[in-house]
Amino acid sequence: MLSPERLTELVRGVGMTSQRTRDRMVARLAEQGIRDARVLATLASEPRHLFLDEALAHRAYEDTSLPIGHGQTLSQPWMVARMTELVLEEAPARVLEIGTGSGYQTLVLARLVPELWSIERINALHRRATERLRLLGAQQVHLRLADGGHGWPETAPFDVILLTACAGELPAPLLAQLADGGVLITPLADSRGRQWLTRVRRQGDHYERQRLEPVRFVPLLEGVIR
Ligand code: SAH
């Protein structure tokens, strides 16, 4: 068990994981066009370094994606900030995330949206993220080990569904679990395999796609790894 003092020390960080380093990262994000003050404040205060293995923690605040094991990656800070901005634009009450991964994007969302569900298909990542989120006081997030392509039907509809892995096609169950007026925010591959951040808005039975910017994510995969 961690003592409360030790936990505070860990969260605060030191050297390359210190508050100064976080502040520098946030200043860069602002220069790169991230405008939402709530997003910047959250990234300035949350310990991204605790979502990586100790050997990589010193690189947590570089503007780069980093490995989290099992062939998966923690997205670069800019991507997390941008996706969070897009989510907040909707002023959503209920958000579903597919691809918990390390749990860092999950934590950032948990601080900013009223109710959050998140699904991961790799048990080891799911368990570690559950532990970290509990430690950091975000135990209100609903986490599930499952194939996120099926969504979370019992609690649908959602105002926003966010995918942090790239699909080749939009999963039909996810579209069906959007509230009217709600959006799916996802990387989506085009016919040449290039990935685009894409926003799909539901209007009744109609889904309107908007292509945003080029991105790079790991693929959305099927099934569960226990
Ligand atoms: N947002 C994460 C990014 C992790 S990378 C973070 O901040 O760390 C994408 C994650 O999506 C991986 O953990 C991968 O295992 C997961 N994933 C891929 N396909 C999935 C699926 N069908 N259902 C649930 N999770 C999936």
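Start by selecting His 70, which sits in the loop between β1 (66-69) and β2. Check its backbone. The phi angle of His 70 is near 60°, a positive value in a residue that is not glycine. Keep in mind throughout that this is a predicted model.

**Zoom out to the whole chain**

Switch to cartoon view. The chain's secondary structure amounts to seven helices and nine strands. Its radius of gyration is 17 Å, close to the 17 Å from the globule rule for 226 residues, so the chain is as compact as a globular protein of that length. Along the principal axes, the C-alpha atoms fill a box of roughly 50 × 40 × 35 Å.

**Select the ligand**

Now show the ligand with the protein surface on. The space that the ligand takes is the largest cavity. Next, select the residues around the ligand. There are 26 of them. Colour this shell by class: twelve residues are nonpolar, ten are polar and four are charged.

Which residues come nearest to the ligand? Pick out Ser 102, Glu 120, Asp 147, Gly 148 and Leu 221.

**Trace the shell back to its elements**

Colour four elements: β2 (72-74), β3 (94-98), α5 (104-112) and β4 (115-120). Each of them supplies at least two residues of the shell around the ligand. Which element gives the largest share? That is β2, with three residues. You have already been at one end of this strand's surroundings: the loop that holds His 70 runs between β1 and β2.

**Follow the ligand nitrogens to the backbone**

Show backbone atoms and draw three distances.

- Leu 221: a backbone N or O atom lies 2.6 Å from a nitrogen atom of the ligand. Leu 221 is also among the residues that come nearest to the ligand.
- Gly 99: a polar backbone atom is 3.3 Å from a ligand nitrogen.
- Arg 121: a polar backbone atom is 3.4 Å from a ligand nitrogen.

How much of the ligand's accessible area does the protein cover? On its own the ligand has 570 Å² of accessible area, and the protein covers 99% of that.

**Last stop: a cis peptide**

Move to Pro 157, in the loop between β5 (142-145) and β6 (158-163). Select Ala 156 together with Pro 157 and look at the bond that joins them. Is this peptide bond cis or trans? The bond from Ala 156 to Pro 157 is cis, with omega near 5°.

Note on methods. Residues numbered from 1 in each chain as written. Predicted model: local features only at pLDDT ≥ 70, side-chain atom pairs only at ≥ 80, totals over all residues. Heavy atoms only, no water. Near = heavy atom within 4 Å. Polar contact = N/O pair within 3.5 Å; in protein donor to acceptor, adjacent residues only side chain to side chain. Areas by Shrake-Rupley, 256 points an atom, 1.4 Å probe, with all protein chains shown as cover. 1 Å grid on protein atoms, 1.4 Å probe; cavity = no way out; pocket = protein on both sides within 12 Å on 5 of 7 lines; lining within 4 Å. Sits in = over half its atoms within 2 Å of the grid points. Nonpolar A, V, L, I, M, F, W, Y, C, P; charged D, E, K, R; others polar. Rg over C-alpha atoms; globule rule 2.2 N^0.38 Å.
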